[in-house]
Structure formats: C-alpha cells, structure tokens
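Here are a few notes to help you find your way around this model. Keep the viewer open as you read, and take the points in order.

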Amino acid sequence: MKTIFVLAALVAFATASAIPDSRALKDDFQEFVDLVPVDKLVGVALQYLVTDKEFKEFFGYLQGAEFSAVWDQFFALKEVKDVLNYLEDADLAVYDALNTVADFLGLHHVKPAVKSLKTGGVTGFVDEVFDLLPLKKFEALFEEKLKTSPEFKAFFEKLRSLDYHKFVELHDNSKEVQAFLQKLRNYGLDVDAFFDLVAGFFGWGKY
C-alpha cells in the first residue's frame, strides 16, 4: 500500500516540478503536459503494480543493480548533461524531478555539472557577487527612499547617530575580531578600505 501512494505522489510531483512559474520554455512544455491524462495514467500504473506479476517483476528490476548501472551511465553522458543543464538554465527543474525518481527507485542522484569558476578564491567569490548586484539601481532606490519614505529616512538617521567609537573599541579590545579581520586581509580582501567607505557613508569619520 505504501508503494502505491509513493508512486502516485511521484507521478504528480514529476509532472508539476518540471514546470516553473515564469513565462518561458515552460509554456511550450505545459501545452504538451495538458495533453497527458495524468490521473488515468496513475490509475493504470497502480492497477498493474497491484495485480500484474510481470509488471511487478519489471518494477523490481528497475530497483536493481543492473538498471542502476544503466541509469548512472546514461546520465554520465556529456550530451545528456548538456541537455539537462540547458533545461535547468531555462528554469525547468529537471534535476529535482529526476532525483525524485531516483529516490523512489533507490538510484543514485543525477548531479548537475559544476560550472567552472571565473577566478576562484574568496576574492573571486566577492567579485562575482558584486558583478551580479545592480549597484546603480540600489543607489538610485536608496536616494529615492530618502526623499519619499519618512520611515526609511528615520532608519538611516538612526544608523548615522550610532556611536561608532563603540565599534572601534570592539576592534581594539577583541582578539577574535582582529583575527577575523586579518583572516579576511589574508584572503586578499581590502577590509580597511571597506570600513573607511562605510564610515564615510554614515558620516562617522575614519576608523
């Protein structure tokens, strides 16, 4: 009985999870999905799983070592991974759907190919993150909120009025804080320039 409910849930999940919310390739897929009588297919599968000996044997085969090898070899092909990654980039959650099937049959997960890093390291990570952030839009929105939102302006003034000397004292008196900041420096991050930028932004003066 447990197998029946899991199978029904699997079919429903695999059908729904591969369809994202945004308008894109998913709309083309949705037209095909709409043609599939999912409820009737689930009903047929459940009936065969419960009553048909040959189907049960085949289902058991899918859970065995031989098919597990077929699964691994197929999804290890570069051509297959290229297609899956293409669909993932189009916001189709194919890996989630496949791995739900894998969990159901006791197979290995299909892992997405790891994209190569641009530069690597902590500084490389920080650079890539900042490349993704629309900094000019953040700045424009910040200026707009200062002019149009009394609540936001009050919050900003709250930050400006903080006694920044307390932060300086924390730095001077804490070996752990000093060690942490030195660790960031060792990774190549310009911590001092960052704090000078923050202090100047809030009008706190230099650290």
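1. Let's begin with Phe-138, which sits in helix α9, spanning residues 135-148. In this predicted model, is Phe-138 buried or exposed? Its relative accessible area is 49%, so Phe-138 counts as partly exposed, the class between under 20% and over 50%.

2. Phe-138 also belongs to a nonpolar patch on the surface, together with Phe-130, Leu-133 and Leu-135. The patch covers about 390 Å².

3. Now turn to the interior. The largest nonpolar core holds 18 residues, and Trp-71, Phe-75, Leu-84, Leu-105 and Val-110 have the most contacts inside it. At least two residues of this core come from each of α4 (53-62), α5 (65-76), α6 (78-89) and α7 (94-105). The largest share, six residues, is supplied by α7.

4. Phe-75 is a good residue to click on. Which residues does Phe-75 contact, once its neighbours within four places in sequence are left aside? They are Val-80, Lys-81, Leu-84, Leu-98 and Val-110.

5. Another core, of six residues, lies apart from the one described above. Among its members are Phe-142, Tyr-164, Phe-202 and Trp-204.

6. Stepping back to the whole protein, you will find 13 helices and zero strands. Of its 207 residues, 22% are buried. Among contacts with a separation of 6 or more, 57% join residues 24 or more positions apart.

7. Finally, the surface: the protein has an accessible surface of about 15,400 Å². Carbon and sulfur atoms account for 63% of that accessible surface.

Technical notes:
Residues numbered from 1 in each chain as written. Predicted model: local features only at pLDDT ≥ 70, side-chain atom pairs only at ≥ 80, totals over all residues. Heavy atoms only, no water. Core = buried A, V, L, I, M, F, W, Y, C linked by side-chain atoms within 4.5 Å. Buried < 20%, exposed > 50% of the residue type's maximum accessible area, 1.4 Å probe, protein only. Helix = DSSP H or I, 4+ residues; strand = E, 2+ residues; numbered from the N terminus. Contact = heavy atoms within 4.5 Å. Patch = residues over 30% accessible without salt bridge, like charges linked within 9 Å, V, L, I, M, F, W, Y side chains within 5 Å. Areas by Shrake-Rupley, 256 points an atom, 1.4 Å probe, with all protein chains shown as cover. Salt bridge = Lys/Arg side-chain N within 4 Å of Asp/Glu carboxyl O.
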